[in-house]
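Here is a small set of exercises to work through with the structure open beside you. Try each task first, then compare your steps with the solution.

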Amino acid sequence: MVVSRSPRIFFSMWKKITKRNVTVQMSMVSSRNFSRSPLPGNKQLDLQQNQLLRKYPQPVFESHPHLLKNGEVTPLIHKDEYKERRTKLMQKVSKQSDGSKANLVVVQSSSKVYMSGKIPYVFRQDSDFLYLTGCLEPDVALLMISAPGSDNFESIVFIPKIDSNTEVWEGPKADLEFCLNILGIEQANYFSQIAPFMCSFIKQNHLSGVHIWRDPGRSFQIVDDVISQKSGSIIARDIVPLLHSLRVIKSKSEQELMRRSCSIIASATIETMKMSQPSVCESQLWACVEYHSRMKGAQYLAYPPVVAGGNRANTIHYINNNQLINNGEMVLMDAGCQYYGYTSDMTRCWPINGKFTNSQAEAYEAVLDVQLDLIQFCNERPPLDILFQRMCRQLGKNLQQIGFGKNAKSCAERAQMAYSVCPHHVSHYLGIDVHDTGTVNRNIPLEPGMVITIEPGLYVDLKRSIAPKEFHGLGLRIEDDILITETGIEVLTQSCPKTISEIESIMR
């Protein structure tokens, strides 16, 4: 189904709104307003100079030609790709909808969050909003509408009005022209006009009714108020599963961004291994991996890393990272970085003194063997849940060979024993979010373009009776990021060594 974009839907609606509010007509702009005839030579040169002097709210080709190509909204992703994503989403909305009703899709950006007073946390854009627009500004909303039974749709972005005083403190903000020319969205207006716009659209379609598609897990007071006022003609629908079904398949540009993100964390982890030594503090290893990730181009770490020495590795999400690592202990580091919106997620374990003991090596090899087997099994494109079942069987078998669970007689008993020492799933989807596209079922076959993790582990606390004493206090996990391709798989974190001989060689 080809979805075209027609201006008629918007202009008929805005004509009605302007009868009540003249300011809407003055502020509403579209890409058609900015089509210009060629200028004479001197005026064209002046325009180019003004564009160079202009300040933008996020990196653009004019300000960051070393980072973006002409037409790219974010690195490697052209505004045409963002348009294509919006088109595909509206195609899915059309297929899911009752053709007799109009559709209104609402996707909002993140807002700033403050740690205290006027001190903000580092801003992170809402993943779905980023996926559809590439816009990095807070407090923005994207609306997309289609008439009953129509394959046509229009997009409009609503932004806060520019406040010159705010710009003095926070820098340039998005204006209407930025939304049209840089983001490539057809229409733009100010945030104060969302409610009038929605009310007019609902009134225009009151006989047929309107499906309002949004994320029900996020509060949006303006939308909530409109829905409560117009409840009789509105049916609320969940847009998140449709968005996630698109996001789970990565385009070629997204694959390259994830390839770079994974390469960065792999290299930063190698540097962290090299500086490891007995009595180092976990926080120093954290600082090392973050430093090298940023120096190699990442904006920041994708999540608070796990840097766990010794028995602390048995706390799966240990993030205190504030203890010294003693001679003879292993360290588990689970870290990833964010590279222009796309994340990596990798785990490596190594002895802090650079040399595996016999028991550490036995347990490590048991886990590594399972991980390598599962990575190869991905060539057959199994569902994630099948990967988990295979992990339990293989890990149970390997652990019994080194003395675990001697009373487990059957395959099922060994699998249950394995689950008791590795009580988490072996895989999740990866992309803009670390645990990406959470509404996508884990029992569907893998497809080309999906990126997943493979991360078997072993957690032996000090009281684990099924384990020989020499393994007590040992926590291990080995994790890589896997791209499913048309011809097989690509291990995106392959450049970070994980065999015993490679790790020991790095740390000499």
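## Exercise 1: A covered strand

**Task.** In this predicted model, find out how many residues of strand E7 (residues 141-146) are buried, and check both of its faces.

**Solution.**
- Step 1. Strand E7 is mostly covered, as 6 of its 6 residues are buried.
- Step 2. Side chains in a regular strand alternate between the two faces of the sheet.
- Step 3. Split E7 accordingly: Ala141, Leu143 and Ile145 lie on one side, and Leu142, Met144 and Ser146 on the other. Both sets are buried, and both faces of E7 are covered.
- Step 4. Now look for partner strands. Strand E4 (residues 102-108) runs antiparallel to E7, and 6 bridges join them. Within this pair, Leu143 of E7 has Val106 opposite.
- Step 5. E7 also pairs with strand E8 (residues 154-159), in the antiparallel sense and over 5 bridges. Here Met144 has Ser155 as its bridge partner in E8, while Leu142 is matched with Val157.

## Exercise 2: Following the sheet onward

**Task.** Is E8 enclosed or open to the outside, and in which sense does E8 pair with strand E9 (residues 187-190)?

**Solution.**
- Step 1. Count the buried residues of E8: they number 6 of 6, so the strand is largely enclosed by the rest of the structure.
- Step 2. Sort them by direction. Glu154, Ile156 and Phe158 point one way from E8, whereas Ser155, Val157 and Ile159 point the other way; all are buried.
- Step 3. Turn to E9. The pairing of E8 with E9 is parallel, over 4 bridges.
- Step 4. Use Val157 as a landmark. Val157 stands opposite Ala188 in E9, and Val157 is also the bridge partner of Leu142.

## Exercise 3: An open sheet

**Task.** Which strands stand at the edges of the sheet with the order E18-E21-E22?

**Solution.**
- Step 1. This is an open sheet of 3 strands with antiparallel pairing.
- Step 2. The edges are strand E18 (451-454) and strand E22 (489-491); each has a single partner strand, so one side of each lacks a neighbour in the sheet.
- Step 3. From one strand to the next, the twist averages 30 degrees.
- Step 4. Zoom in on one pair: E18 joins strand E21 (residues 480-484) over 4 bridges, in the antiparallel sense. Thr453 stands opposite Asp481 of E21.

## Exercise 4: The two sides of a helix

**Task.** Where do the buried residues of helix H9 (residues 221-229) sit around the axis?

**Solution.**
- Step 1. Val223, Val226 and Ile227 are buried in H9.
- Step 2. These residues cover an arc of only 100 degrees around the axis, which puts them on the same side of H9.
- Step 3. An α-helix has 3.6 residues a turn, so residues three or four places apart point the same way.
- Step 4. On the face turned away from the buried side of H9, you will find the exposed residues Gln221, Ser228 and Gln229.
- Step 5. Look for the cover: the buried residues of H9 are covered by elements including E4, helix H8 (194-204), strand E10 (210-214) and strand E11 (234-238).

## Exercise 5: An arginine and its contacts

**Task.** Is Arg214 buried or exposed, and which residues is Arg214 in contact with beyond its neighbours within four places in sequence?

**Solution.**
- Step 1. Place the residue: Arg214 belongs to strand E10.
- Step 2. The relative accessibility of Arg214 is 11%, so this arginine counts as buried, the cut-off being under 20%.
- Step 3. Beyond those neighbours, Arg214 is in contact with Val106, Ser219, Phe220, Val223, Asp224, Ile227, Arg237, Asp238 and Ile239.
- Step 4. Link back to Exercise 4: Val223 and Ile227 are among the buried residues of H9.

## Exercise 6: Cysteines and the whole chain

**Task.** How many disulfides does a search of the whole structure find, and what share of the chain is buried?

**Solution.**
- Step 1. The search finds 0 disulfides.
- Step 2. Check two cysteines: Cys349 is buried at 0% relative accessibility, and Cys496 is buried at 2%.
- Step 3. For the chain of 508 residues, 53% count as buried. The chain holds 16 helices and 22 strands.

How values were computed
Residues are numbered from 1 along each chain as its sequence is written. This is a predicted model: local features need pLDDT of at least 70, side-chain atom pairs count only at pLDDT 80 or more; totals for chains, interfaces and linings use all residues. Side-chain values use heavy atoms; hydrogens and water are left out. Buried means under 20% relative accessible area, exposed over 50%, partly exposed in between (1.4 Å probe, protein chains only). Two strands pair if DSSP finds at least two bridges between them. Axes are lines fitted to C-alpha atoms, for helices over the stretch in contact, and angles run from 0 to 180 degrees between N-to-C directions. A disulfide is a pair of cysteine sulfur atoms within 2.5 Å. The arc is that of the directions from the helix axis to the C-beta atoms. Contact means heavy atoms within 4.5 Å.
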